Amino acid sequence: GLQRAPCRYADLHPLWQSELSVSGGTRQSPINIQWRDSVYDPHLKPLKIHYDPTTCLYIWNNGYSFQVEFDDSADKSVIMGGPLENHYRLKQFHFHWGAINEWGSEHMVDSKVYPAELHLVHWNPVTSTSFEEAIMENNGLVVIGVFLKLGAHHAGLQKLVDALPAVKHKDTIVEFDVFDPSCLMPSCPDYWTYDGSLTTPPLTESVTWIIKKTPIEVDQNQLEEFRMLLFTSAGEEEKRMVDNFRPLQPLMNRTVRSSFR
Ligand SMILES: NS(=O)(=O)c1ccc(C(=O)N2CCCN(Cc3ccccc3)CC2)cc1
Ligand SMILES: [Zn+2]
């Protein structure tokens, strides 16, 4: 199949000049999920998701993705169940994508790459007092990964896409009042889960990953709108925001569990 895009962080984005991998990291992300090596765990519960659309605050371009931030001052938008011992609060969601449809996702399934990947980022309010603190905690974070594939127009995503021209440049922000990210979830409950890390600096090994098996479908125009964003601030030489994914990391001594046979 197609070779994966060369990792272009180094020449595209200062954040990645170092592409520092946590020295001696043993649980880095993303990984290639080999379906046959994953182990069905009958003790995994269904994931329970309760997002309150009014906790949605704003969208902004942070210079490596566009991100939708949520009010995480109370247990209003939470997930629980699945592999989790308690509830986690939604803090933000963002995407990773490629310059063309042949690559873009961070995780892979049996070496299959998707054109984009959604990350819904949650933190543990039981063991941490803030998101920033949870980033440094072992299993302080839970990130749900959802693959995007080219297909039908996604009506729920379109509300987000319509706001992107307002956050074209790095460090621009636009109010985004009511949005329910549940509309971006596939209806299929199946997922894989493994212990990993942030895929951007500080790359801390604090993430329980939950990767949904079934992708959601978005259309070509919607993907192309992602690719109109810029890594660069207004007034700088324009650099299109594309290929903002981290290269695959070694599985090392980890087992990926599946919630399905
Ligand atoms: N792709 S992901 O693994 O799902 C993911 C999840 C959460 C975050 C995230 O919100 N933060 C905290 C704040 C911002 N920092 C910026 C920064 C911090 C230190 C040195 C360089 C850059 C990034 C990490 C990033 C990526
Ligand atoms: Zn991410």
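**Note on the zinc site, cores and cysteines**

1. The site of the zinc ion (ligand 2) is tetrahedral, its 4 donor atoms making angles of 99 to 116°; four donors count as tetrahedral if all angles lie between 85 and 135 degrees. For four tetrahedral donors the ideal angle is 109.5 degrees.

2. This is a predicted model, in which local features need pLDDT of at least 70 and side-chain atom pairs count only at pLDDT 80 or more, while totals for chains, interfaces and linings use all residues. Residues are numbered from 1 along each chain as its sequence is written, ligands are numbered from 1 in the order in which they are written, and side-chain values use heavy atoms, without hydrogens and water.

3. The zinc ion (ligand 2) has as protein donors H94 (NE2), H96 (NE2) and H119 (ND1), at 1.9 to 2.0 Å; donors are N, O and S atoms within 2.8 Å of the metal (3.2 Å for Na, K and Ca). The spacing of the donor residues in sequence is H-x1-H-x22-H. H94 is buried at 9% relative accessibility, and H96 at 0% (buried: under 20% relative accessible area, 1.4 Å probe, protein chains only).

4. The largest nonpolar core (buried nonpolar residues joined through side-chain atoms within 4.5 Å) has 42 residues, and F93, F95 and L160 have the most contacts inside it. Strand β7 gives the most to this core, 5 residues. Beyond its neighbours within four places in sequence, L160 is in contact (heavy atoms within 4.5 Å) with residues including I59, F66 and F176.

5. The structure holds 0 disulfides (cysteine sulfur pairs within 2.5 Å). The sulfur of C188 lies 17 Å from the closest cysteine sulfur, in C183, and is therefore too far for a bond.

Conventions
Four donors count as tetrahedral if all angles lie between 85 and 135 degrees; four count as square planar and six as octahedral if opposite donors are over 155 degrees apart and all others between 65 and 115; anything else is irregular. Buried means under 20% relative accessible area, exposed over 50%, partly exposed in between (1.4 Å probe, protein chains only). Helices (H or I, at least four residues) and strands (E, at least two) are DSSP runs, numbered from the N terminus.
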